[in-house]
Amino acid sequence: MTVLIIWISLGTGFADQKQPIPRTILAFYDSQESPNIRMTRIHRMAEMPLNHLGLKLRFADIRDELPAIDDLSDVRGVLTWFESDRMPAPIKFIKWSEQVINQGIQWVILGNLGIARDMQRKDTPLSLINHYIGQLGLQTQENWKQVTYDVQLIHKDPRLVEFERPYSGTLPSFPQMWRASGHISTYLAAAWGKNQQSQSDLVVIGSHGGYVAPGYSHYENGDFQQWYINPFEFFRLAFKTDDLPKPDTTTLSGRRIYYSHIDGDGWRNITEIEKYKKNGTLSAEVIFKEVFNGFPDLPVTLAPIAADLDPEWYGTKNSISLARQMFALPNVEAGSHTYSHPFSWKYFQNYQAENEWREFIQHRKKIDEKIVKRYEPFLSRSKTELVPTSDKSSKNERKSIQEVYEIPRAYLDYPFDLNKEIKGSVEFINQLLPPGKKVTVLQWSGDTSPFPAAIEAAGKVHISNINGGDSRFDPEFPSHTWVAPIGLQLGEQLQIYASASNENTYTDLWEGRYYGFKNLILTLQNTESPRRLKPFNIYYHLYSGEKEASLNALLENLQFARQQEITPVTTSDYAKIAEGFYSTQFIPLGSQTWRIENRGALQTIRFDEAAHLAVDMDKSQGVMGQRYYQKNLYVSLDAAKKTAVIALTNNPSGAPFPSASKPYLVQGRWQISNLQFLRDDRIVFTAQGFGNGDMVWKVPRPGQYDIQFTDEAGIKHTVKASTDENGILAFHLQPLAINKIMISLTRVNEIL
Amino acid sequence: MKQHLVVISIITGALGLGFLLIPRGSQMPLMYMKGGQFILAKGEFEKQYASGNDSVSVAAPLAELYLHFGEINKAINILERYLEEKPQDTQARKILANVYRDAQRIDEHLIQMETLLNQAPDEREYRNLYTLFKNRGQSKKQLETLQKIVQLYPGSSSDYIHLAYLQANEGLLRDSVKTLETLDALHPVLSSPDKEELHMSLLLDTGNSDKAKDRAQQLLTRNFDAPLFVRFVNLLKSKGQENLSLQLLQYFATPVEKYTTLLRYLIDLEAESGRIIEALARLEKLFNAGKLSGSLALTFVELLLEPKNFGQGLHAEKNFQLQTISTGASTGPDNRFLTAKNRELVEKILARYGEGFLSERPLLAARLMFALQKESSALAWMKQAESSPVLTLEEQIEIAGLYGQLGPTHPARLTLDTKKLELGIAEALQAPGLPQPRKEELVTALLDLGARRRALPYLKHLADNAGGDWADAYEETLLNLGRKEELFKFWRQRVKKPDLPDEERRQIAYQFLDAGYKAEAEQALLVLAATASPNGPDVEQLLFLWGPRPGREAKKWLLEKAGSASGDERAEWMHHLVEAGGAEEVVALLQKEPSAARSEKIFTVYLDALEDLRSGPELVAAINNLVALEHSPDKLLRYGKLAEEREQLEAAQAVYKKILQIQPGDGYALNQLGQMAFYENRWKETQDYLGRYLSTNPNDWEAYYTYAEAGYLQEDIAGAKQYYQRALEILEKSSEKTFPMEMAQADCLRRLGNPKQALTIYQSLLKKRPDDNNVKANMISSLMDLGEFDKAQQVMIANRINVTGQ
């Protein structure tokens, strides 16, 4: 019988060899404009909305060879957002674009076309420019409207423009463009002057892609930026994403994911908090007492800087002892915040110990002899000979580091060794952990901009990585543009960003307004509604245990978390979920059916604007539950099933809990997996989580249910619950489920 | 020390220093603070504050302690309360503003900063405030703040420029001009293209175009800046000031000739304003002087090749390329514009630059070669154009057009993917707001490519909107594609267009007629006939279509026409109406307006109408009405005759009597009245009228005969005989005798006692008309007069004539 079932499932879809739905956007950037991908506007501003639409990015430098057309099978669209109007080979690029568009790949241009001339300033013929934009249904004469006070925005589609701010004040100058095709829609158009030619289309979307005139996508003034266009809607239409289910990294078991992580900075700082300071208590200990012990229902990942604990560097017996106590707590996960805490990762990409010595160490008034000896083998000349650095680029690098950090890493005691930073720190911290616990995540330090080899080093020791992004969305940063993408793909390597900024950006880099972190709540609210863009993340440093105001702010945030409907997970859990976003593939099996492959730890698939759709539980496989939230349908997959099939059906009445022939999870605080349907009236599953196990199930048959489980001590418990009039079975369990437990639901009686 | 919250500004963020400066008075809490016992200190200060002591010595440290613990709203409350009492304390306000900012209460922060800066202006803070307003899109506040900055800290040129922009944005154009003038006064030599364009634009928009021109002239005289000039030209164009633009360009013609773009503008504007000769002369002069750049040589060639279209094309923005191309497509091998002189010039240019200078414009080159009848060279250029890696749609169309002109038998073949081209054209055609010429060219291109089906919807659009040749083209295409139903549908829609030319409508009507769509044809003809002459072919066709018995609507239509027309046309319409069975309507119409019948034509129609009236009473009524008003004996006579014809004898007699009132001796009336009185057995009247009649008409045998009969019937046999005799004489003298005359002759003979002679005539008459009962009856009478009763009876039996009936 088992054999037969497997055969049937193979026959009904798994044997299908259809191609995955393309999810990649090829993002062109100019490495001369933005040497660092992290600084490109596409990464900073566009990638998060694209991620939300289920899309991931592959960056391509316009200075490199153009990708082979055959390598674009996973590419859904091309996005350019050039700051200048030059590129090395515009004509080649235009020709290439034609091939790409002919493949059915969408083409989206934000801002400058980038093709007006080559690097020798040779103008691209207007006819070719028109050919390029003609593919999007546009044409131009390349005239710019510079003075704009007399410009009227004659057409504005509120669905797509004036999203975060109106077009007010002095309008940006713009190049004149017209629609040349009826297949495109204008969402913003301008007119001026007295003749018909004095018009321009500024935001358009057509069958092959879209265009936004320079200056009309967003407002930017120094560090302040806001969208004019609605990037979610614009990219949704321009890249035609409605057919794409969205791998969702914000939700688990139908609830918003919660995770929290601490960078170990400030471990050795003596707290100023009145309650503790008399005893010379370390800020780490304050966190231990106030947070770890105070909030056992909330997991937290603690990532020490190994140098703070290693007695060969700056560790002491006390700090090691404290670390052991902290890691012994069941809600505390272990991470590493490196060994020597690099500030500027780029500095170490092509590291020369000698340069570090000459640029930073030798200038110190007092140099420990031990340090001298450690560097000596790397020095080509005598250590006493002060040689000014001649390498120009290194000089510039030093200058830029000094502007922000003074030195390239916190501890210069040993020459930098990438292996030690990653593997070494993990191994050292592992020694401090109770049996069964291991370091699971590397939390990037400093500028959180690791180079690919550093990320690869973390992968080699089988841990995830996180940090960077610095997401903010509050009155000080009132825009989605400060909400970071899920992560950054650097070739084969993947850096996962933290979902919210730590307290540094709220406290002027820990130089004032120490209460500032309490404003995290605003970002958490803004990234929850009207779109759930990010998990609930509380990310901070141990030095938050140093000040009364900072500790109070942190505790307020934790209290706030307790009041929310969340599914708490560890940071490494989240990082793996985020990794799953990049690997997930959707193979279409029908108009509303997809096979989901390679999703890793990602267990939620979202369908936007789907109030009238529901999961067809009979036709789906590996699906555990569904929940509507903010007009979207969040589908929970069973982590025990590597591959899943989601089949949707219509829910014409928009019922909040659509009926199904099997019980399904609506939402719960714990991670549920391995769901087994034993009989119509009985299901068994495993659960793991933090805090009390609140759960809501929709069951096909109303009645009284027994919920049975065995706690960690081996004692059996039975909780009774009854369905409400909607067939909703809600209950509340109080066992400790940080380690997985098995739970069964059995219908025992009908309710009269 | 003055009671002042200044201390807080010092101690904020640097706890431990502040309290040293606070005046003694709250010793215990201060001691706690000094000892780092902030919880106790806070508790003590809170107690004091709650008890009403809100002096600065309590408020300041308490606010500071709240900030220390992160209780930011409590700190704000204290600061707000303090400022209510001491609003002039700028330091405290600064602190409150900062705390608002840190608490992310940005609106309140801005209010405090505005108040603060009014109290204590500070340039850096003003500029921060300006930036905040700008970032928040509060342009009015931004403007206000920048005005203050300019007022308080004048000197920065960029401030003035930004201010001018902001003022312009707010519609304060004159203020903006003033700001720029102030800037000019402060920095007389400062100039930037943006600023100058703004200034120029503002002058134009404030009605100072002369000033704008002077300013531009001055600027360009001082420093001839070609890019700025280009911006001015574009600006002037967008403001509809092409003349000004041309004036400026001509004013600076010498330097302008050195700059390709400007020279092109100048030539274009000259061409647009009909000064093609000047433009050509300018180019020729430069060419002869060896100063014409390659690209302008192209312009020169283009102008020589297509002067008619040149001016429309160059700066007609969107249509530029297409119009240029279409020109090529429409001229090509049969270029009509290449005059001998132009040919000479073109050949000179080619001689100087070689064909190579055309390499950037292979299509222009191809057209040129066609014009020079160098087909092989033209073909080579076409091939080169075709081989370009990327071709615009317009270029592809043009290439296809050039190939098309080679004719179907030419061996050269277009290698472009025509299907893709068709698709591209179709897509381009869907652009909204496409100008008509562009549409026409694109559709033509599709037709030239033989893409009839694809062209069809666009063709229809053009046919619907432009009609004429486009309608013909559409019809032809539909016919070629065998889509007759669509064709008829098109015609149906088309004839509804009020502005459709008559000729086209007529054609459509005939097409409908041919196809048997009578209703459609009728509609079309109705429109045509609405303005047509009643004798015109459209009306004729319409009447033909309607046939002899048109419907009510048709009659109504004719009636309306008849009602609204005048003169002879009216009579014609009435005539048509009568013909169409609308006599009643005509009569009714004319009865309302009897004077119309004075027109002879209308009168005739009137009579016709009356003739057509079927019911006697109606006719009688009509005639009576008419007679009452009519005074013309001639017309009355015709009414009389008409009534008579329709056997409305009473009416006829009334008419004749009226004639006698007007002309008592009117023979015809007397005769008719006599005859009618006879038939109505009024013998005396008969004799009276006929007697009067015969006095002036002595040769009328019938009157004599009738008069005699009247006498005979009154048994005045003797009196009657002379009249019978007179009638007989006349009849016998008559060389040609009609049947009634013979009959009367026989009757007279019989009355005068010659039944034999009479019988002979009756017998001969009966041979002519064997069925004539009158003849038989009279013959029987004659036989009986002769006593031949048997014969009479035989005649009666044979003819079933009741003798007594005689």
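1. Phe93(A) is a sensible residue to start from in this predicted model, since at 1% relative accessibility, under the 20% limit, Phe93(A) counts as buried. Its partner Phe28(A) likewise has a relative accessibility of 1% and counts as buried. The search over all chains finds 66 aromatic pairs in the whole structure, and Phe28(A) with Phe93(A) is one of them, an edge-to-face pair with 5.2 Å from centre to centre and 90° between the planes. Phe28(A) belongs to strand S1 (residues 24–29) of chain A and Phe93(A) to helix H3 (residues 90–102) of chain A, so the pair ties together parts that lie 65 residues apart in sequence.

2. These two rings should also be viewed in their wider setting, where ring pairs link Phe28(A), Phe82(A), Phe93(A), Trp96(A), Trp107(A) and Tyr132(A) into a cluster.

3. A further pair worth inspecting is that of Trp345(A) and Trp444(A), which is edge-to-face, with 5.2 Å between the centres and 90° between the planes. Trp345(A) sits in the loop between strand S17 (332–336) and helix H10 (353–361) of chain A, while Trp444(A) sits in the loop between strand S18 (439–443) and helix H14 (452–460) of chain A, so that the pair links distant parts of the chain, 99 residues apart. Trp345(A) counts as buried because its relative accessibility of 0% is under 20%, and Trp444(A), with a relative accessible area of 0%, is buried as well.

4. Met177(A), in strand S7 (residues 174–179) of chain A, counts as buried at 1% relative accessibility. Leaving aside residues up to four places away in sequence, Met177(A) touches Leu113(A), Ile133(A), Leu138(A), Gln139(A), Thr140(A), Gln199(A), Ser200(A), Asp201(A) and Tyr211(A). By way of separation, Met177(A) and Asp242(A) stand 65 residues apart in sequence, and their C-alpha atoms are 28 Å apart in space.

5. Turning to chain B, is Lys291(B) buried or exposed? With a relative accessible area of 61%, which is over the 50% limit, Lys291(B) is exposed. Lys291(B) is placed in the loop between helix H19 (276–288) and helix H20 (294–305) of chain B. The C-alpha atoms of Lys291(B) and Lys258(B) are separated by 8.3 Å, although the two residues are 33 residues apart along the chain.

6. The contact between the two chains draws 54 residues from chain B and 50 residues from chain A. Together, chain B and chain A bury about 4,600 Å² between them, and 49% of that area is on carbon and sulfur atoms.

7. As to specific interactions, the rule finds three salt bridges across the interface of chain B and chain A, one of which joins Arg513(A) to Asp102(B), with the closest N and O atoms 3.8 Å apart. Across the interface of chain B and chain A there are also 20 residue pairs in polar contact, with both residues at pLDDT 80 or more. On the side of chain B that touches chain A, the elements giving two or more residues are helix H4 (38–50), helix H5 (56–69), helix H9 (123–135), helix H11 (157–169), helix H13 (193–205), helix H15 (226–238), helix H22 (320–331) and helix H27 (418–429) of chain B. The largest share of that side, six residues, is supplied by H13(B). By residue class, the side of chain B that touches chain A divides into 22 nonpolar, 17 polar and 15 charged residues.

Definitions and conventions. Residues numbered from 1 in each chain as written. Chains lettered and ligands numbered in written order. Predicted model: local features only at pLDDT ≥ 70, side-chain atom pairs only at ≥ 80, totals over all residues. Heavy atoms only, no water. Contact = heavy atoms within 4.5 Å. Buried area = accessible area lost by both parts, 1.4 Å probe. Salt bridge = Lys/Arg side-chain N within 4 Å of Asp/Glu carboxyl O. Polar contact = N/O pair within 3.5 Å; in protein donor to acceptor, adjacent residues only side chain to side chain. Helix = DSSP H or I, 4+ residues; strand = E, 2+ residues; numbered from the N terminus. Nonpolar A, V, L, I, M, F, W, Y, C, P; charged D, E, K, R; others polar. Phe/Tyr/Trp six-rings, centres within 6.5 Å; stacked < 30°, edge-to-face > 60°. Buried < 20%, exposed > 50% of the residue type's maximum accessible area, 1.4 Å probe, protein only.
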